[in-house]
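Here is a short tour of one chain, meant to be read with the structure open beside you. Have a look at it first, then we'll pick a spot and work outwards.

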Amino acid sequence: MTLMCNLLLPRFHAPFPRRAYPIKLPHASFKHTKSPLPDVSERAHLPPRVEWRKRFPAIQPSVSHRVSLNNPESARLVASAFVPSTSRDKVIIEAFPGPGQLTRALLELPKERIKKIIVLEDYPNYLEYLFPLETVDSRVKVLPVPGFNWDSYTHIDELKLLDDVPKVAWEDGIHPQLHFISHLPSTVEGEQLVAQLFRSIPDQQWLFQYGRVPMSFVLSDYLWKRISSPISTNERCKLTVIAEATSMCSPAVPPQALLPYATHFHPARPLNPDKERKFSSRRVGNPFQAVNTYPLEDQAIKKGQLDYWDFCLRRLFVLKATSLAKAIPPLAPGAQTLIKMVTDPDLPLSETLNIEKAPRSLTVEEWKILVKAFHEWPFAPEDLSIGDTFVTKERG
């Protein structure tokens with residue numbers, strides 16, 4: 001069985017840059033914290049929470065915006081919500097686990113729920129507390145690779161870690177075994193990552209080659225609002241529409257269960273707040289939530305049409321509060337023709353648009369109408385990259 005055969009298509013770029021990494025990272029190369037490390041057997045357990053700031057200082061840029069559950073009880077609550085009692089033989093890929101409080105909570109679940117956990121983490125201080133899990137539980141495989149990099153998932157294929165996972169037909173429901181879990185960094189890159197994951201669903205790429213694989217995230221309240229904002233709100237954006245078009249998303253635990261932030265997460269408070277002022281909504285220390293997502297059987301974005309959705313969403317959300325009557329013409333040279341196409345009186349009312357609506361007020365079904373018209377327009381740009389120059393070609 002060939003895994004990830006479509007992963008490296010040209011469309012897949014940021015946030016998964018191709019870069020070299022060591023397949024095997026020797027433990028001796030890790031940069032330890034200044035205080036002496038406990039021995040390996042002791043590191044199978046995490047230090048008390050009061051020691052986390054000293055043991056896992058979040059001062060390096062690569063981890064300064066990474067938030068991890070550090071309260072054992074909170075981690076158990078989230079683990080049980082991600083992998084409930086009805087689960088059996090789950091094969092979990094866990095990215096950005098930090099030191100592994102959630103990983104340990106998953107391993108504490110009844111063994112019939114968890115068959116295997118593949119952990120992706122490349123920060124040395126965290127790896128010091130993740131590798132020992134392999135010695136105490138044979139279900140764990142830790143890979144010292146970054147969760148942002150597509151090559152990390154290709155490496156999973158090379159190690160044949162998913163050879164025992166069946167492919168499930170899209171119409172046969174949510175995949176019962178394979179499951180992706182991740183803490184999402186509080187950065188633009190974290191938002192890009194989750195957007196890329198949702199974008200993988202319509203063409204059944206990445207893990208979705210196996211079927212409708214569920215994903216669970218620990219993410220900032222800011223990012224959750226970007227994913228789930230209702231129609232006409234300021235936070236509604238391209239990511240919101242892509243998420244709604246591809247998945248059913250909902251909180252895994254009540255948001256208040258993870259408040260206040262400092263009771264549940266590491267680092268406990270913002271670092272370098274002066275530098276963070278411009279991005280206060282993403283700042284470490286703001287509320288986090290736990291969320292489950294499930295790919296929809298009926299995808300609004302049809303196979304092969306993701307580029308058209310990307311193009312329309314990007315350009316129209318620049319004018320998200322402007323009526324479609326004014327926002328559509330700048331979409332591309334001659335795009336005013338699209339207004340006639342989506343207001344054709346000969347079409348059923350369900351297939352037309354109210355062009356007085358603004359982009360942020362459109363439902364997914366209304367976006368389908370607009371993108372369908374753009375896709376069928378003979379003079380749509382051939383180059384769907386975002387820029388000021390359009391190369392058009394009449395299509396028969």
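Which residues does leucine 161 touch, not counting residues up to four places away in sequence?

## Starting from leucine 161

Keep in mind that this is a predicted model. Leucine 161 is in contact with Lys116, Ile118, Lys141, Leu143 and Ile156, leaving aside residues up to four places away in sequence. You'll find leucine 161 in the loop between α5 (150-158) and β5.

Is leucine 161 buried or exposed? Its relative accessibility is 12%, and the cut-off for buried is under 20%, so leucine 161 counts as buried. One of its contacts, lysine 141, is 20 residues away along the chain, and the C-alpha atoms of the two are separated by 8.8 Å.

## The sheet as a whole

Let's zoom out. The chain has 13 helices and nine strands, and 53% of its 396 residues count as buried. If you take the contacts with a separation of 6 or more, 75% of them are between residues 24 or more positions apart.

Seven strands come together in an open sheet with mixed pairing, and the order reads β4-β3-β2-β5-β6-β9-β7. At the edges sit β4 and β7 (247-251), each of which pairs on one side only. Ignoring direction, neighbouring strands of this sheet are turned by 20° against each other on average.

## Strand β2 and its two partners

Now for β2, which covers residues 90-95. How many of the residues of β2 are buried? Six of the six are, so β2 is largely enclosed by the rest of the structure. The cover is on both faces: Lys90, Ile92 and Glu94 are buried on one side, and Val91, Ile93 and Ala95 are buried on the other. Yes, that list includes a lysine and a glutamate.

On one flank, β2 pairs with β3 in the parallel sense over six bridges. Isoleucines meet here: isoleucine 93 stands opposite isoleucine 118 in β3, and isoleucine 92 has isoleucine 117 as its bridge partner. β2 also pairs with β5, again in the parallel sense, this time over five bridges. In that pairing, glutamate 94 stands opposite isoleucine 181 of β5.

## Strand β3 and the crossovers

Next up is β3 (residues 114-120), which is mostly covered, with six of its seven residues buried. Besides pairing with β2, β3 runs parallel to β4 (residues 140-143), and four bridges join the two. Leucine 120 stands opposite leucine 143 in β4. From β3 the chain crosses through helix α4 (residues 124-136) to β4, and this β-α-β crossover is right-handed.

There's another right-handed β-α-β unit here, made by β2, helix α3 (residues 101-108) and β3. Where does α3 lie? It lies across β2, β3, β4, β5 (178-183) and β6 (215-220), and it runs at about 170° to β3.

## Helix α7 and its surroundings

Let's finish with α7 (residues 221-228), where Asp221, Leu223, Trp224 and Ile227 are buried. Why can we say that the buried residues of α7 line one face of the helix? Looking down the axis of α7, they fall within an arc of 155°, so they line one face. The elements that cover them include α6 (188-199), β6, α8 (238-246), β7 and β9 (288-295).

The packing of α6 and α7 can be described a bit further. Their axes are 11 Å apart and the angle between the helices is about 35°, while the crossing is right-handed. On the α6 side, Gly190, Glu191, Val194 and Phe198 meet Tyr222, Leu223, Arg226 and Ile227 of α7. Leu223 and Ile227 are also among the buried residues of α7.

Terms used: Residues are numbered from 1 along each chain as its sequence is written. This is a predicted model: local features need pLDDT of at least 70, side-chain atom pairs count only at pLDDT 80 or more; totals for chains, interfaces and linings use all residues. Side-chain values use heavy atoms; hydrogens and water are left out. Buried means under 20% relative accessible area, exposed over 50%, partly exposed in between (1.4 Å probe, protein chains only). Two strands pair if DSSP finds at least two bridges between them. A crossover is right-handed if, with the strands pointing away from the viewer, the path from the first strand over the helix to the second runs clockwise. Axes are lines fitted to C-alpha atoms, for helices over the stretch in contact, and angles run from 0 to 180 degrees between N-to-C directions. Contact means heavy atoms within 4.5 Å. The arc is that of the directions from the helix axis to the C-beta atoms. A crossing is left-handed if the near helix is turned anticlockwise from the far one by less than a right angle, and right-handed if clockwise.
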